Amino acid sequence: MGYIKHNGKKYKSVILRVSRSTDFSVLMEQFNNMDFTGFDDNKLENIRHSLLELVNNSIRAHKERQEDAVIILRFTMTPQELIIILQDKGGGFDKKSLPYDIDLDVNEIDINDQYFLDYREKHGYIRFGMGLFITKKAFDTFILKFTASDGSLNDRYEKGISTGTFIELRSHI
């Protein structure tokens, strides 16, 4: 039976609440103090790196919107898989603004093509467009949805209606 080890204790599920003012080093420490049974060190490192990228994106979106709601991370370990849900109120984003089609198979995405180079230059080399790509590559299941103010989930971002993102990640043991 799998479990999540967090700060020396074993759990079936853990919820982390992250504010826009959370220091990145505190976030790294939290993730480094989490262990998911059944995964080798390389896979754990990929999971942690992906989560840092996603949460960093959410924090940045919350800061840009001056959003005070917390970012929620839910970790659940079953005998077969690790399930992670990230929910934020960062406004969501248009998937068409990414330098690739996020709905493609990860092996079809070329991170060295001109779209990526243009994206990085356009954003002053502060945004690289890699967070979702790395996450999609690290997990067996990657589901991206957008939340509306009533809490409903939609497959598409709708300007003025979407209030945040909902990401579900699954990785088989």
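Helices, here, are DSSP runs of H or I with at least four residues, numbered from the N terminus, and the exercises below use this naming on a predicted model.

**Exercise 1.** Work out which residue follows α2 and what is notable about its phi.

*Solution.* Begin with the extent of the helix, since α2 covers residues 41-65. The residue that comes after α2 is Gln66, and its phi is positive, near 55 degrees.

**Exercise 2.** Determine how the span of α2 compares with the expected value at 1.5 Å a residue.

*Solution.* The expected span is 1.5 Å times one less than the number of residues. Because α2 has 25 residues, it should span 36 Å, and this agrees with its end C-alpha atoms, which are 36 Å apart.

**Exercise 3.** Identify the residue that caps the N-terminal end of α2, and describe its surroundings.

*Solution.* First locate Asp40, which is found in the loop between β4 (34-36) and α2. Next consider the contact: a side-chain oxygen of Asp40 lies 3.1 Å from the backbone nitrogen of Asn42, and Asp40 thereby caps the helix. Finally, look at the surface, where Asp40 gathers with Asp35, Asp41 and Glu45 in a patch of negative charge.

**Exercise 4.** Find the partner of Asp68 in a salt bridge, and state where the two residues lie.

*Solution.* The side chain of Asp68 meets that of Arg20 at 3.6 Å, N to O. Asp68 is in the loop between α2 and β5 (71-77), whereas Arg20 is in the loop between β3 (13-18) and α1 (24-32), so that the pair links distant parts of the chain, 48 residues apart.

How values were computed:
Residues are numbered from 1 along each chain as its sequence is written. This is a predicted model: local features need pLDDT of at least 70, side-chain atom pairs count only at pLDDT 80 or more; totals for chains, interfaces and linings use all residues. Side-chain values use heavy atoms; hydrogens and water are left out. Patches are made of residues with over 30% relative accessible area and no salt bridge: like charges are joined within 9 Å, nonpolar side chains (Val, Leu, Ile, Met, Phe, Trp, Tyr) within 5 Å. Accessible areas come from the Shrake-Rupley method with a 1.4 Å probe; for residues, only the protein chains shown count as cover. A salt bridge is a side-chain nitrogen of Lys or Arg within 4 Å of a carboxyl oxygen of Asp or Glu. Lys and Arg count as positive and Asp and Glu as negative; His and the chain ends are not counted. The place of a charge is taken as NZ of Lys, CZ of Arg, CG of Asp or CD of Glu. A polar contact is a pair of N or O atoms within 3.5 Å; within protein, one must be able to donate a hydrogen and the other to accept it, and residues adjacent in sequence count only if both atoms are side-chain atoms.
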